[in-house]
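Colleague: Got a minute? I'd like to walk through this model with you.

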Amino acid sequence: MTRRQVAISGVGWITSLGSGSTEVWESLLRGVSKVGPLTRFDASELPSRIASEVHGHSDTPGRRTERFVSFALAAARDAIIDAGLTVESMAGERSAVVLGTAYGGIARVEQESGRLARHLGSVPPQVSMTAAPTSAAASVAIAYGVTGGIECPNAACASGAAAVVRAHELVANGRVDVVLAGGTDAAISPLPMRAFCAARALSRRNTEPIRASRPFDRGRDGFVFGEGSAILVVEALDRLVARRGRPVALLSGTGHSSDAYHLGTPDPEGGGASRSMRAALTDADSAPGEVGLVSAHAASTPLGDRAEAAAIRTVFSDRSPPTMALKSMTGHLLGASGAFEAAATALAVQQQRIPPTLNVEDLDPACDLDIVSGAARDAPIDVALTNSIGLGGINYTLAFTRAA
């Protein structure tokens, strides 16, 4: 069976930078960061007291939804509008929803467990449904009458990218025509924060929050907790053309690999990430020399950034494509990060502009790449890769190609 061409036709996202494809994209191009003091709970006893929080977002009126579900519903709405679709055009069995999450409703589970421990009553019955990781995908499907299937991949911090990879497979193979795909997470809560603090994985630059997320910089000391959702409309190109829509970019290839190395640390040689990038290039029928942009996972951890830099050097040999690391502005959106960075990469291909990476003031010699820093850069981008890496050595890469 001939594989269908797959396009990104719309983008929706909810992050600390705002919502709507234009608002967030312009903030990325300007190099805006909203990392600041953590406000969602009292973090005064934690060594890391900063986060990239979503402010000004209200839950769906008239419905009790968990925060990660509410984020997904808002991002889905914006993505559908951005793609020029309607509720009616999304309904039916030729559409699907694939939304990944790393932590799902962990904040609500933690809250109710605390109530039980203090003997404050029983657990509300709706928690069994609303806090389940699948509730975001299910809620979006219900909202738009999508009956072609729902899935909820969990690939740790690569969950959003895993969802887009799965969407590509469903559309390319003709199973459905369009998929709302991406990720969502709202895990700024005491338990996850304490766990990552105990692992010394979070930045402790509390007095300089905007400068805390420092991908590839020699002075990086960990990642910054973030939250939000990003959803892409992954659509068959022939369907998009038939309805006279315009693609943001073509989703031309995907790659997936594992390090098989360690649960908490990456392969220092970047073997898994390099295999994922090469697989995506092969799937896209593209060569390393054609790549004009790499969107790095680059969470700002000492070991992770070095491993990914080693992987990029392995794939591209003596040539380093322009590289961006968006977590410098948004913090780590956990299960939504791969989808967020995929959406930004697709827009970079469309606009031929690369947002800057913040806080690269003293480049780690082990991360000697062509990092786009200081200001956005105009560049010819025919092919772009975006990496997403999860704990346990999970690697996903998406390849985007400029639409004709």
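**Pocket and rings**

Modeller: Sure. Keep in mind that this is a predicted model. Let's start with the largest pocket. α10 (271-283), α11 (302-316) and β15 (383-390) each supply at least two residues of its lining.

Colleague: Which element gives the most to that lining?

Modeller: α11 does, with six residues.

Colleague: And how many residues line the largest pocket in total?

Modeller: The lining has 35 residues. Nearest the centre lie Gly264, Pro266, Thr301, Gly304 and Leu391.

Colleague: What volume does the largest pocket have?

Modeller: About 660 Å³.

Colleague: How does the lining divide into nonpolar, polar and charged residues?

Modeller: There are 15 nonpolar residues, 14 polar ones and six charged ones.

Colleague: New topic. How many aromatic pairs does the structure hold?

Modeller: Four. One of them joins Phe223 and Phe225.

Colleague: Why is the pair of Phe223 and Phe225 called stacked?

Modeller: Look at the angle. The ring planes sit at 20°, and planes under 30 degrees apart count as stacked. The ring centres are 6.0 Å apart, and the limit for a pair is within 6.5 Å.

Colleague: Is Phe223 buried or exposed?

Modeller: Phe223 is buried, because its relative accessible area is 7% and the cut-off for buried is under 20%.

Colleague: What about Phe225, buried or exposed?

Modeller: Phe225 is buried too, with a relative accessibility of 1%.

Colleague: Which residues do ring pairs link into a cluster?

Modeller: Phe196, Phe223 and Phe225.

Terms used:
Residues numbered from 1 in each chain as written. Predicted model: local features only at pLDDT ≥ 70, side-chain atom pairs only at ≥ 80, totals over all residues. Heavy atoms only, no water. Phe/Tyr/Trp six-rings, centres within 6.5 Å; stacked < 30°, edge-to-face > 60°. Buried < 20%, exposed > 50% of the residue type's maximum accessible area, 1.4 Å probe, protein only. 1 Å grid on protein atoms, 1.4 Å probe; cavity = no way out; pocket = protein on both sides within 12 Å on 5 of 7 lines; lining within 4 Å. Points joined across faces, edges and corners; volume = space filled by probe spheres on them. Helix = DSSP H or I, 4+ residues; strand = E, 2+ residues; numbered from the N terminus. Nonpolar A, V, L, I, M, F, W, Y, C, P; charged D, E, K, R; others polar.
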